[in-house]
Amino acid sequence: MKVRPLADRVLVKTEKTEAKTASGIIIPDTAQEKTQTATVIAVGDDTEKIKVKAGERVMYDKYAGTAVKIDGEDHLILKAADIVAVIE
């Protein structure tokens, strides 16, 4: 399935965070305080508001976006304003 975000939206593929400590304790997603990171897959056509490109890794607000499954993998559709940084 191909998804193309509109306007100032960005489609990202979320990155899974480590859910187990070194000693083997499993930490649920709700208890993790790690930064939310993802890889940009596609961007909308509002180039004035969107400052990222496909392929870049970004950090985004924890509760931002709309979760979607594309070909069995977790993705998010974010507003450009929800992206807080580009990871270089």
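**A tour starting at Gly44**

Select Gly44 first: beyond its neighbours within four places in sequence, Gly44 contacts Pro5, Leu6, Ala7, Arg9 and Ile50. The model is a predicted one. Gly44 lies in the loop that runs between strand 2 and strand 3. Is Gly44 buried or exposed? Its relative accessibility is 10%, so Gly44 counts as buried, the cut-off being under 20%. Now add Glu88 to the selection. Gly44 and Glu88 are separated by 44 residues in sequence, and their C-alpha atoms lie 22 Å apart.

Next, zoom out to the whole protein and colour by secondary structure. There are six strands and zero helices, giving the pattern β-β-β-β-β-β along the sequence. The C-alpha trace spans about 45 × 25 × 20 Å along its principal axes. Of the contacts with a separation of 6 or more, 59% join residues 24 or more positions apart.

Now show strand 1 (9-14) and strand 5 (73-79). These two strands pair antiparallel over five bridges. Within strand 5, Leu78 is the residue opposite Val10.

Keep strand 5 on display and add strand 4, residues 66-70. Strand 4 and strand 5 are also antiparallel, joined by five bridges. Select Thr66 to find its bridge partner in strand 5, Ile77. Then move to the turn of this hairpin, where two residues sit between the strands. Which residue there takes a positive phi? It is Asp71, with a phi near 50°.

From the hairpin, turn to the interior. In soluble globular proteins, nonpolar side chains tend to be buried together. Here the largest nonpolar core has 13 residues. Select Val10, Val12, Val40, Val52, Val58, Leu78 and Ile83, the members that touch the most other members. Strand 1, strand 2 (36-43), strand 3 (57-60) and strand 5 each give two or more residues to this core.

Centre the view on Val40, one of those core members. Leaving out residues up to four places away in sequence, Val40 touches Val10, Leu11 and Val12. Val40 also touches Val52, Lys53, Ala54, Gly55, Glu56 and Val58.

Finish with the surface. Across the 88 residues of the protein, 26% are buried. The accessible surface is about 6200 Å², with 53% of that area belonging to carbon and sulfur atoms. Colour by charge to pick out the 14 positive and 15 negative charges, whose mean positions are 2 Å apart.

Methods:
Residues are numbered from 1 along each chain as its sequence is written. This is a predicted model: local features need pLDDT of at least 70, side-chain atom pairs count only at pLDDT 80 or more; totals for chains, interfaces and linings use all residues. Side-chain values use heavy atoms; hydrogens and water are left out. A nonpolar core is a set of buried Ala, Val, Leu, Ile, Met, Phe, Trp, Tyr and Cys residues joined through side-chain atoms within 4.5 Å. Buried means under 20% relative accessible area, exposed over 50%, partly exposed in between (1.4 Å probe, protein chains only). Helices (H or I, at least four residues) and strands (E, at least two) are DSSP runs, numbered from the N terminus. Contact means heavy atoms within 4.5 Å. Accessible areas come from the Shrake-Rupley method with a 1.4 Å probe; for residues, only the protein chains shown count as cover. Lys and Arg count as positive and Asp and Glu as negative; His and the chain ends are not counted. The place of a charge is taken as NZ of Lys, CZ of Arg, CG of Asp or CD of Glu. Two strands pair if DSSP finds at least two bridges between them.
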